[in-house]
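User: I am new to reading models like this one. Please take me through the ligand site and one helix, and show me the reasoning.

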Amino acid sequence: MKAVKRIPLAGPVLNGNEREYVIDCIDTGWISANGKYVNEFERQFAEYCGVKHAISCANGTVALHLPLVAYGVQPDDEIIIPTFTYIATANAIKYCGAKPVLVDSEEDTWNIDPHKIEEKITEKTKGIIVVHLYGHPVDMKPVMDIAKKHNLFVIEDAAEAHGAECNGQVVGSIGDVGTFSFFGNKIISTGEGGMITTNDSELAGKMRLLRGQGMDPNRRYWFDVVGYNYRMTNLQAAVGLGQLENIAWHLEQRRRVSDLYIDQLSNYKELFTLQPEMDWARHSYWMVSVLLTDKVKLERDEIMQLLEDDGIETRPLFYPMHQMPPYYEEKTYPVADRVSSRGFNIPTNAMLTNEEINYICNRIVHHCNGYNA
Ligand SMILES: *Cc1c(COP(=O)(O)O)cnc(C)c1O
């Protein structure tokens, strides 16, 4: 059976004021890296996260690079990260010449295992970057305790987790710094774009400076440091503001979709499980993810191909950093290795209908039962 219409994994929904704001940019000529939408997007994002400062930037990768530079991370410094993340987390550290030190995932959330952080700390360790993977927040309390004890900074890579909460506190406001991405497939989007959140005013000032080539704010065309052009444009911020105004709706839709999946898929524990939502957590459901047990005869990639033939787009979970050439390690990280090789993301976007979700669930169960008629 070949399906005619393909159900996409993800995609932006631009159904608020995005169009009006973009047209305003064009009508007024404010299309570049200054303007009222940049200021307003930053102001409202800071308010949404409950922090003093939000600094917009070009994407979620440079949102990670800027705080590392502002903290003075040097070659040979070590930064602790989960091995199970998207490559940008590790790359931002590499841009500073520093070394990402990898930690395995915990069984429950698939996020960095707080119990395995301390054994990786050396005198070279400067900080920890945690990643709220697929929208499930990291259990921040033990991480913050370890960081305090060893005098380390904590960056929350919240690129996938806008609006997620840990014990009632929104992500991006718990660590010293939070970073976000607004790539096209993220929870809200600006096409390409990023944001940094912090309550540290001195650090915020440094990051603003570094974002704009390092120009002295009191002396035009004077540069004391080597900075970057990491700015967001007013056009992107216009889209972002329209998205942010509707973020509650976007999150509600994702929860609606996820609830339907949970309803229909959680009775097949012998075949697969879903990334859970812990009782202290509010998942933002960037991606609903299915983890196959070893009872399922087919390989993960075979199941994904069968779903593709059904017109259902899926995506493999990330490869752990230690498996890939730039960060290769001979050893295994058992939880990350298992989840990565047996898991995949299923369509998670605000526009999915009940019928589509029923169809997707039926096909997943069918293929995992091993009939491939
Ligand atoms: C998407 C993502 C990033 C990078 O964001 P870009 O905007 O694509 O540069 C960083 N970290 C994680 C965990 C991500 O998922």
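Analyst: Start with asparagine 59. An N or O atom in the asparagine 59 side chain is 3.5 Å from an oxygen atom of the ligand. Keep in mind that this model is predicted.

User: What makes that a polar contact?

Analyst: The cut-off is a pair of N or O atoms within 3.5 Å. For asparagine 59 the value is 3.5 Å, so the pair meets the cut-off.

User: How do you know that glutamate 160 and lysine 186 make polar contacts with the ligand?

Analyst: The same kind of check works. A polar side-chain atom of glutamate 160 lies 2.5 Å from a ligand oxygen. For lysine 186 the distance to an oxygen of the ligand is 3.1 Å. Both values are within 3.5 Å, so both pairs count.

User: How much of the ligand does the protein bury?

Analyst: The ligand taken alone exposes 380 Å², and the protein buries 93% of that. The ligand sits in the second largest pocket.

User: Which residues surround the ligand?

Analyst: There are 13, and the closest are Gly60, Thr61, Glu160, Ser181 and Lys186. By class, the shell has four nonpolar, six polar and three charged residues.

User: Why is helix α3 called largely enclosed?

Analyst: Buried means under 20% relative accessible area. Eight of the nine residues of α3, residues 62-70, are buried, so the rest of the structure largely encloses this helix. Among them are Val62, His65, Pro67 and Ala70.

User: What follows α3?

Analyst: Glycine 72 follows α3, with a positive phi near 75 degrees.

Note on methods: Residues are numbered from 1 along each chain as its sequence is written. This is a predicted model: local features need pLDDT of at least 70, side-chain atom pairs count only at pLDDT 80 or more; totals for chains, interfaces and linings use all residues. Side-chain values use heavy atoms; hydrogens and water are left out. A residue is near a molecule or strand if one of its heavy atoms lies within 4 Å of it. A polar contact is a pair of N or O atoms within 3.5 Å; within protein, one must be able to donate a hydrogen and the other to accept it, and residues adjacent in sequence count only if both atoms are side-chain atoms. Accessible areas come from the Shrake-Rupley method with a 1.4 Å probe; for residues, only the protein chains shown count as cover. On a 1 Å grid over the protein atoms alone, a cavity is a set of points where a 1.4 Å probe fits but cannot get out, and a pocket is an open set with protein on both sides within 12 Å along at least five of seven lines; lining residues have an atom within 4 Å of a point. A molecule sits in a cavity or pocket if more than half of its atoms lie within 2 Å of its grid points. Ala, Val, Leu, Ile, Met, Phe, Trp, Tyr, Cys and Pro count as nonpolar, Asp, Glu, Lys and Arg as charged, and the others, Gly among them, as polar. Buried means under 20% relative accessible area, exposed over 50%, partly exposed in between (1.4 Å probe, protein chains only). Helices (H or I, at least four residues) and strands (E, at least two) are DSSP runs, numbered from the N terminus.
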